[in-house]
Every structure is written in C-alpha cells, then in structure tokens.
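Here is a short set of exercises to work through with the viewer open. Try each task yourself before you read its solution.

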Amino acid sequence: MKYITAIADMVDIINDVLHTTIRTVYPKYYPQEVVDFFCQLHNREHILEGIASGNMGVLVDKDTIIGTGCYDGNHITGVYVLPNYQKQGCGSRIMDCLEAEISKEYDTVILDASLSAVCLYEHRGYKTIGHGIYELENGVKLVYEIMEMKLKVS
C-alpha cells in the first residue's frame, strides 16, 4: 500500500470512497439526517478544493484507491477508509502520513472525531479537549469530539 497526493482525475473515485464509507458506517452511530449531511458536505466541489490545496491524499492498494485523508494547517479534516479495508491498519497508515506532514510546521494536531472514529484516535494518543454539536434540520444534532495530540515535545 502507498499513500500519494490526490489529483483531480481521482475526484470521482474519492467521492465514491467517501460516500460508500459514510453510508455504510455512519448509520450505526448517527440518524439519517447526519448521514445525508456528511454526503452533501463531501461533494465533488469540496473534494476538488481539498485536492487543489495539495493537502489531500489517497491510500492505494495495488491499483485501487481504498482510503483518503486531508488536512488544513494543523487540523485533520477527514480520514475515510472503505469498509472492506477497515480494521487492517489503513486508517492508521493515513494518519501517519497526515501527522508527518503536519509535524513539519506544527507541534500539535487537532481533529473533529466522528463517534465511529474516537477509539482509533484515542489509541493513537489523542485526547478529547471538547465536544461539538452542530444543529441539523428536524432538531437533529450532530455530536462529535474535538481531539488533540502533541506531535513534538516542546
């Protein structure tokens, strides 16, 4: 497996990875309104912005894109791995790459963790520093953890 910088030609495959993962995993933790919110958020335009930033990558197994990750400054903005590849170290591999890039300029990394990913991040040494709530339609609330980890010893 290799982690490479995403390019615009990959937008449709990345979109499929995001939507397949969201529609498979998130319903176990969130109501349908949250699933729909994330699918609408991670649209082609949003993905193209991530690619244009140079901060989005993809994890490739043989010739198949199986996961993606993105960051902005010291904030990891997303890590997604296709369900069939989860629990095999793929998310950790993406995180290793994102943290390595962020550590070039920052001492700490932050992220907003979905309920499905909190345990992965805790095992990596992240600590919850807050809780976020985002109001959706129909009175539905998206709840998430705000997590942080020190990358360098000051």
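**Exercise 1. Two lysines in loops**

Task: Decide whether K62 is buried or exposed, and find where K62 sits.

Solution. Keep in mind throughout that this is a predicted model.
Step 1: The relative accessibility of K62 is 72%. The cut-off for exposed is over 50%, so K62 counts as exposed.
Step 2: K62 lies in the loop that links strand 2 and strand 3.
Step 3: Turn to the backbone. K62 has a phi near 60 degrees, which is a positive value in a residue other than glycine.
Step 4: Now look at K87, in the loop between strand 4 and helix 4. Phi of K87 is near 65 degrees, again positive in a residue other than glycine, and K87 is exposed with a relative accessible area of 87%.

**Exercise 2. The sheet**

Task: Work out the strand order of the sheet and name its edge strands.

Solution.
Step 1: Tracing the sheet across gives seven strands in the order 1-2-3-4-5-7-6. The sheet is open, and its pairing is mixed.
Step 2: Strand 1 (2-5) and strand 6 each pair on one side only, and they are the edge strands.
Step 3: From one strand to the next, the twist averages 25 degrees.
Step 4: Start at the edge formed by strand 1. Strand 1 runs antiparallel to strand 2, and four bridges join them. One register point to check is I4, whose bridge partner in strand 2 is V58.

**Exercise 3. Strand 7 and its neighbours**

Task: Find how many bridges join strand 6 to strand 7, and how many join strand 5 to strand 7.

Solution.
Step 1: Strand 6 (residues 127-135) is joined to strand 7 by eight bridges, and the two run antiparallel. Within this pair, I133 stands opposite V143.
Step 2: Strand 6 and strand 7 make a hairpin, with five residues between them. In the turn, N138 has a positive phi of about 60 degrees.
Step 3: On to strand 5 (residues 108-113), which pairs with strand 7 (residues 141-150) over six bridges, also in the antiparallel sense. Here V109 has M149 as its bridge partner.

**Exercise 4. A pair of helices**

Task: Describe how helix 1 and helix 2 pack against each other.

Solution.
Step 1: The description of two packed helices rests on the angle between their axes and the distance between the axes.
Step 2: For helix 1 (residues 11-25) and helix 2 (residues 32-41), the angle is about 170 degrees and the axes are 10 Å apart.
Step 3: Angles over 145 degrees count as roughly antiparallel, and helix 1 and helix 2 are therefore roughly antiparallel to each other.
Step 4: Helix 1 contributes H19, I22 and R23 to the contact, while helix 2 contributes Q32, V35, D36, F38 and C39.
Step 5: Sorted by class, that contact has four nonpolar, two polar and two charged residues.

**Exercise 5. What surrounds helix 1**

Task: Find which residues of helix 1 are buried, and what covers them.

Solution.
Step 1: Check the geometry of the helix. Helix 1 has 15 residues and spans 21 Å from its first C-alpha to its last, close to the 21 Å expected at 1.5 Å a residue.
Step 2: The buried residues of helix 1 are V11, I14, N15, V17, L18, H19, T21, I22 and V25.
Step 3: Their cover includes helix 2, helix 3 (44-53), strand 2 (56-61), strand 3 (64-72) and strand 4 (75-81).
Step 4: For contrast, take T20, which also belongs to helix 1. T20 is partly exposed, with a relative accessible area of 37%.
Step 5: Leaving aside neighbours within four places in sequence, T20 is in contact with L82 and P83. The C-alpha atoms of T20 and V81 are separated by 9.2 Å, although these residues are 61 residues apart along the chain.

**Exercise 6. A second long helix check**Task: Compare the span of helix 4 with its expected value, and list its buried residues.

Solution.
Step 1: Helix 4 (residues 90-103) has 14 residues and reaches 20 Å from its first C-alpha to its last, close to the 20 Å expected at 1.5 Å a residue.
Step 2: Buried in helix 4 are C90, G91, I94, M95, C97, L98, E99 and I102.

Technical notes
Residues are numbered from 1 along each chain as its sequence is written. This is a predicted model: local features need pLDDT of at least 70, side-chain atom pairs count only at pLDDT 80 or more; totals for chains, interfaces and linings use all residues. Side-chain values use heavy atoms; hydrogens and water are left out. Axes are lines fitted to C-alpha atoms, for helices over the stretch in contact, and angles run from 0 to 180 degrees between N-to-C directions. Angles under 35 degrees count as roughly parallel, over 145 as roughly antiparallel, 65 to 115 as roughly perpendicular and the rest as oblique. Contact means heavy atoms within 4.5 Å. Ala, Val, Leu, Ile, Met, Phe, Trp, Tyr, Cys and Pro count as nonpolar, Asp, Glu, Lys and Arg as charged, and the others, Gly among them, as polar. The expected span of a helix is 1.5 Å times one less than its number of residues. Buried means under 20% relative accessible area, exposed over 50%, partly exposed in between (1.4 Å probe, protein chains only). Two strands pair if DSSP finds at least two bridges between them.
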